[in-house]
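Visitor: I would like to learn how to read a model like this one, feature by feature. Could you take me through it?

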Amino acid sequence: KKRTPRGPFDYTDGAADQEISLNRARKAFEDIEFQPHVLRDVSKADLSTDLFGKSMKLPLGIAPTGFTRMMNTEGEVAAVQVAQKYGAPFCLSTMGTTSIEKISLNAPEGSNWFQLYLW
């Protein structure tokens with residue numbers, strides 16, 4: 001917080017409107033209870049999952065984030081390259097700071113998505 005200008009910090013730290021979705025997500029996360037299972041063979045753990053008929057190596061993806069390059073100059077380009085490397089989907093925000101074409105050029109084999117806001 002000390003090193004980031006107020007505008008970019010507030011944008012990254014906050015959530016939309018009354019932060020209802022943020023509060024719900026935090027509550028859902030707080031309700032998760034860790035239940036350890038010890039002495040299990042995890043040498044062949046498979047994290048892959050099918051998503052819309054396509055196999056993904058990880059059960060997670062990189063969600064759309066607007067103004068990404070405000071926080072890091074590499075922004076969406078770095079994120080989409082990591083997603084492609086690890087076999088996870090990447091979603092470019094309508095408020096992204098990189099073009100769809102540049103995303104495609106930097107991760108041509110990735111599972112690249114686009115979040116469309118209709119204004």
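Guide: Gladly, and let us begin with charge. This is a predicted model, and its protein chain carries 14 positive and 14 negative side chains. The centres of these two sets lie 6 Å apart.

Visitor: What does the secondary structure of the protein chain come to?

Guide: The protein chain has 4 helices and 4 strands. Following the sequence, their pattern is α-α-β-β-α-β-α-β. The radius of gyration is 17 Å, well over the 14 Å that the globule rule gives for 119 residues, so the protein chain is more spread out than a compact globule.

Visitor: And which box do the C-alpha atoms fill along the principal axes?

Guide: That box is roughly 50 × 35 × 30 Å. Two further values help with the overall picture: buried residues make up 18% of the 119 residues, and the protein chain exposes about 9,800 Å². Carbon and sulfur atoms supply 56% of that exposed area.

Visitor: How do I read the contacts along the sequence?

Guide: Take the contacts with a separation of 6 or more, and ask what part of them joins residues 24 or more positions apart. In this protein chain that part is 51%.

Visitor: Let us turn to single residues. Where is the place of Thr 98, and is Thr 98 buried or exposed?

Guide: Thr 98 sits in the loop between β3 (90–92) and α4 (100–106). Buried means under 20% relative accessible area, and Thr 98 is at 10%, so it counts as buried.

Visitor: Which side chain does Thr 98 join in a polar contact?

Guide: The partner is Glu 76, at 2.8 Å from side chain to side chain. Glu 76 is also in the contact list of Thr 98, which leaves aside neighbours within four places in sequence; the others there are Arg 69, Val 77, Leu 92 and Ile 103.

Visitor: Is there another buried loop residue that I can set beside Thr 98?

Guide: Try Ser 111, in the loop between α4 and β4 (112–114). With a relative accessibility of 10%, Ser 111 also counts as buried. Its side chain makes a polar contact of 3.1 Å with the side chain of Trp 113. Not counting residues up to four places away in sequence, Ser 111 touches Lys 54, Met 56, Pro 89 and Phe 90.

Visitor: Pro 89 is one of those. Which residues is Leu 60 in contact with, leaving aside its neighbours within four places in sequence?

Guide: Leu 60 is in contact with Ala 88 and Pro 89. Leu 60 belongs to the loop between β2 (54–56) and α3 (75–86). The cut-off for exposed is over 50%, and Leu 60 has a relative accessible area of 51%, so it is exposed.

Visitor: How many residues apart in sequence are Leu 60 and Glu 76?

Guide: They are 16 residues apart in sequence, and 17 Å apart in space from C-alpha to C-alpha. For another pair, take Leu 118 and Thr 94: they are 24 residues apart along the chain, with 9.3 Å between their C-alpha atoms. Leu 118 lies in the segment after β4 and is exposed, at a relative accessible area of 76%.

Visitor: What should I look for in the backbone angles?

Guide: The general idea is that most residues other than glycine have a negative phi. A positive value in such a residue therefore draws the eye when set against that general pattern. Here, Glu 19 has a positive phi of about 60°, and Leu 39 has a positive phi near 55°.

Visitor: Where does Glu 19 lie, and where is the place of Leu 39?

Guide: Glu 19 is in the loop between α1 (6–13) and α2 (20–30), while Leu 39 is in the loop between α2 and β1 (49–51). Their accessibility is worth reading too: Glu 19 is partly exposed, with a relative accessible area of 28%, and Leu 39 is exposed, at 89%.

Terms used. Residues are numbered from 1 along each chain as its sequence is written. This is a predicted model: local features need pLDDT of at least 70, side-chain atom pairs count only at pLDDT 80 or more; totals for chains, interfaces and linings use all residues. Side-chain values use heavy atoms; hydrogens and water are left out. Helices (H or I, at least four residues) and strands (E, at least two) are DSSP runs, numbered from the N terminus. The radius of gyration is taken over C-alpha atoms; the globule rule is 2.2 Å times the number of residues to the power 0.38. Buried means under 20% relative accessible area, exposed over 50%, partly exposed in between (1.4 Å probe, protein chains only). Contact means heavy atoms within 4.5 Å. Accessible areas come from the Shrake-Rupley method with a 1.4 Å probe; for residues, only the protein chains shown count as cover. Lys and Arg count as positive and Asp and Glu as negative; His and the chain ends are not counted. The place of a charge is taken as NZ of Lys, CZ of Arg, CG of Asp or CD of Glu. A polar contact is a pair of N or O atoms within 3.5 Å; within protein, one must be able to donate a hydrogen and the other to accept it, and residues adjacent in sequence count only if both atoms are side-chain atoms.
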